[in-house]
Amino acid sequence: LVGHEVGHALYTPSSYMTREVPQSFLNVIEDARIERKIKVQYPGITKSFYRGYTELNQQDFFEIGGEDLSEMNLIDRINLYFKLGIHDVKTIIPFSTEEEQFVDMTKVAETFDDVVDICKKILKYIESKSDKEESKSAKVSDIIQEGLAAGDQIEVKASENSENDDAEDGESTDSDGSESDWDSSKYEDDI
């Protein structure tokens, strides 16, 4: 997966850490963005990504064999979707209707500022959900502290002209079938 590292060399700012969101969130969303961009610029590399991630999945590199993927936290499922879900149709990564908007935003992220904005929205969503229940795999505070403790970090300012998401307002259903009252429009102005 040399193409992945070339993608970072071409598209990732050299100083891209921020204290605004967990580093792990930035890594996941930025990986998806740079991999998509390198595949567009060099279409022949797509087969290498497919073979590489398929082989890693067969070796259970991601340690998901026998796991209930719906029990994983959101950022891990987004990571698996972009690493495996788009390459291996046998690996279905479950998302609620609310969570799908973050996958859709990630699919079209063009700039690093877009990545930071998406991470902020994911964090705000997770925080709003944790007010009602614990995060599925870890407490939100643990995820944030883990991300903020990862190495030297500098603040990255998102541009003011970043595009807003196209999420619709209203209630939706979570993966467990329960109704959710999270309204994405409440958070758009905060970012």
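Start by selecting helix α1 (residues 2–11) and helix α2 (residues 23–41) in this predicted model. The two pack with their axes 8 Å apart, at an angle of about 95°, and α1 and α2 are therefore roughly perpendicular to each other. To see what fills the contact, show side chains on both helices. From α1 come Gly3, His4, Val6, Gly7, His8, Leu10 and Tyr11; α2 contributes Glu30, Asp31, Arg33, Ile34, Glu35, Lys37, Ile38 and Gln41.

Stay here a moment and pick out Tyr11 and Lys37. The charged end of Lys37 sits over the ring of Tyr11, 5.3 Å from the ring centre.

Now keep Ile34 on screen and add Phe112. How far apart in space are Phe112 and Ile34, C-alpha to C-alpha? They are 9.5 Å apart, with their positions 78 residues apart in sequence. Phe112 belongs to helix α6 (residues 112–130), and this residue is buried, having a relative accessible area of 8%.

Next, move to helix α3 (residues 46–58) and select Phe49 and Tyr53. These two are four residues apart in the helix, so about one helical turn separates them. The structure holds six aromatic pairs. In the pair formed by Phe49 and Tyr53, the ring centres are 6.2 Å apart and the planes meet at 35°, so the pair is tilted; the angle falls between the 30 degrees below which planes count as stacked and the 60 above which they count as edge-to-face. Are these residues buried or exposed? Phe49 is buried, at 1% relative accessible area, and Tyr53 is buried as well, at 3%.

For a contrasting geometry, select Tyr81 and Phe82. Their ring centres lie 4.9 Å apart with the planes at 85°, so this pair is edge-to-face. Both Tyr81 and Phe82 are buried.

Go back to Phe49 and add Phe61 and Phe62 to the selection. Together with Tyr53, these residues form one aromatic cluster. Add Lys39 too: its charged end sits over the ring of Phe49, 4.9 Å from the ring centre.

The next stop is the loop between α3 and α4 (74–85), where Asp60 is found. Which residues should you check for backbone angles here? Try Asp60, whose phi is near 55°, a positive value in a residue other than glycine. Glu63 also has a phi near 55°, again positive and again in a residue other than glycine, and it is placed in the loop between α3 and α4. As a reminder, most residues other than glycine have a negative phi. Switch on a surface to compare the two: Asp60 is partly exposed, with 31% relative accessible area, while Glu63 is exposed, at 63%.

Finally, colour the model by pLDDT. The mean for the protein is 74, and 64% of its residues reach 70 or more. Where is confidence highest, and where is it lowest? Select helix α5 (residues 97–107) for the highest mean, 95, and strand β1 (residues 172–173) for the lowest, 40. Two further stretches deserve a look. Over residues 134–138 the pLDDT stays under 50, and the model gives this stretch 12 contacts beyond four places in sequence. Residues 184–191 are below 50 too, with 15 contacts in the model beyond near neighbours in sequence.

Methods: Residues are numbered from 1 along each chain as its sequence is written. This is a predicted model: local features need pLDDT of at least 70, side-chain atom pairs count only at pLDDT 80 or more; totals for chains, interfaces and linings use all residues. Side-chain values use heavy atoms; hydrogens and water are left out. Rings of Phe, Tyr and Trp (its six-membered ring) pair if their centres lie within 6.5 Å; planes under 30 degrees apart count as stacked, over 60 as edge-to-face and the rest as tilted. Buried means under 20% relative accessible area, exposed over 50%, partly exposed in between (1.4 Å probe, protein chains only). A charge sits over a ring if NZ of Lys or CZ of Arg is within 6 Å of the ring centre and within 35 degrees of the ring normal. pLDDT is the predictor's confidence in each residue, from 0 to 100. Contact means heavy atoms within 4.5 Å. Axes are lines fitted to C-alpha atoms, for helices over the stretch in contact, and angles run from 0 to 180 degrees between N-to-C directions. Angles under 35 degrees count as roughly parallel, over 145 as roughly antiparallel, 65 to 115 as roughly perpendicular and the rest as oblique.
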